[in-house]
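Subject: Model handover and notes

Hello,

Here is the structure I promised to pass on. Please open it first, then read my notes below.

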Amino acid sequence: LGSTAGARTPPNVGAAQLPALLDAAGPACAFPGGVVDLPPDTRLVVRRSVTILGNGTTLRVRGNAVPTRSLIDADGLPDGSRLEIRNLRIEGPSTAGWDPRTESNAAAISWQRYRTWNSTMVVRNVTTTGGYGSGVSRAGGGRLEVLASDLGGWVAGAACFESHGGSVSMLLQRTRLTAPTNSKFSSIGLYIHPHLDLVAEDVVGTAWNRWVVYVNGTPKSTGRHRLSRVT
């Protein structure tokens, strides 16, 4: 687990204070707990390796506008970084009334940077709902672990890609992949490139319009895929 040294919960943190809280974070960053209402297209940038301690916080995005920016955006993290997010709930914009062909590419949690092969991302006890394209989106390589979570998104609950000749090892364990009440016509629980290694254990997918797990792409090699108790 990532170190929590120096983490504390500051009082009266709201939407305006969250970016500064992340900017000032050391090895750990404690969110305030409770419900924090966010305006549409809020972007919380992660600039260095960190463990985000959600403390049961709900980040709730107002309205039903299609997001154009990821909420927790770690796309700038270089190779060798580590990001862990624990005990957090993200409620994206409502998808009620969206046309099923609507495109939504932003993610509730995003780390997309090519050739980050020596990096680690851990998502633990995290819930994502609503209209972000993906609950969790990781592209670039390394190790991805999703544990004891419930991930939903307009397009996918989680997405894991690598397109530059590197490798990814993904563990999906004790997790639900839950589509919004209204999701894209082609929605998928987990979308992963086929040359990446996947272990999925004790996973339940609900209400997706295509597949719970979609292993698809044009690889030069084939990964190892082990699915146990996936429903």
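D202 lies in strand β15, which covers residues 197–206. The model is a predicted one. In it, D202 has a positive phi of about 55° although it is not a glycine. With a relative accessible area of 34%, D202 is partly exposed.

A148 also deserves a look. Its phi is near 50°, again a positive value in a residue other than glycine. Most residues other than glycine have a negative phi. A148 sits in the loop between β10 and β11. Its relative accessible area is 32%, so A148 counts as partly exposed.

**The β10–β11 loop and what follows**

S149 is in the loop between β10 (142–147) and β11 (150–151). Is S149 buried or exposed? S149 is buried, because its relative accessible area is 5%, and the cut-off for buried is under 20%. Leaving out residues up to four places away in sequence, S149 touches V123, R124, N125 and V126. On the same terms S149 also touches R174, T175 and R176.

L151 belongs to strand β11. L151 is buried, with a relative accessible area of 0%. Beyond its neighbours within four places in sequence, L151 is in contact with V126, T128, V136, V146, G157 and A158, as well as R176, L177, T178 and W208. L151 and L190 are 39 residues apart along the chain. Their C-alpha atoms are separated by 9.4 Å.

**β3 to β4**

R48 is in the loop between β3 (44–45) and β4 (50–61). R48 has a relative accessible area of 36%, so it is partly exposed. Setting aside residues up to four places away in sequence, R48 touches L22, D23, A25 and L77. What separates R48 from A15 in space? The answer is 20 Å, C-alpha to C-alpha, with their positions 33 residues apart in sequence.

V50 is in strand β4. V50 is buried, with a relative accessible area of 4%. V50 and G26 are 24 residues apart in sequence and 7.0 Å apart in space, C-alpha to C-alpha. G26 is also one of the residues that V50 touches, not counting those up to four places away in sequence. The others are A25, P27, A28 and C29, plus R82, L83 and E84.

**After β15**

N209 is found in the loop between β15 and β16 (213–215). N209 is partly exposed, with a relative accessible area of 43%. Which residues does N209 touch, not counting those up to four places away in sequence? They are S183, K184, F185, S186 and S187. N209 and G223 are 14 residues apart along the chain. Their C-alpha atoms are separated by 25 Å.

**The core**

The largest nonpolar core has 48 residues. F31, L59, I72, L83, I90 and M170 touch the most other members. L83 is also among the contacts of V50.

M170 has contacts on several stretches of the chain. Not counting residues up to four places away in sequence, M170 touches R143, L144, V146 and C160. Also touched by M170 are L190, I192, D197, L198 and V199. V146 is a contact of L151 too.

**The whole chain**

How many helices and strands are there? The secondary structure comes to one helix and 17 strands. The C-alpha trace spans about 50 × 40 × 30 Å along its principal axes. Why call the chain a compact globule? Because a compact globule of 231 residues would have a radius of gyration near 17 Å, and the protein chain has 16 Å, which agrees.

Buried residues make up 53% of the 231 residues. Take the contacts between residues at least 6 apart in sequence: 71% of them join residues at least 24 apart. The protein chain exposes about 10,000 Å². Carbon and sulfur atoms supply 48% of that area.

On charge, there are 24 positive and 16 negative. Their mean positions are 2 Å apart.

Best wishes

Notes. Residues numbered from 1 in each chain as written. Predicted model: local features only at pLDDT ≥ 70, side-chain atom pairs only at ≥ 80, totals over all residues. Heavy atoms only, no water. Helix = DSSP H or I, 4+ residues; strand = E, 2+ residues; numbered from the N terminus. Rg over C-alpha atoms; globule rule 2.2 N^0.38 Å. Buried < 20%, exposed > 50% of the residue type's maximum accessible area, 1.4 Å probe, protein only. Contact = heavy atoms within 4.5 Å. Areas by Shrake-Rupley, 256 points an atom, 1.4 Å probe, with all protein chains shown as cover. Lys, Arg positive; Asp, Glu negative; His and termini not counted. Charge placed at Lys NZ, Arg CZ, Asp CG, Glu CD. Core = buried A, V, L, I, M, F, W, Y, C linked by side-chain atoms within 4.5 Å.
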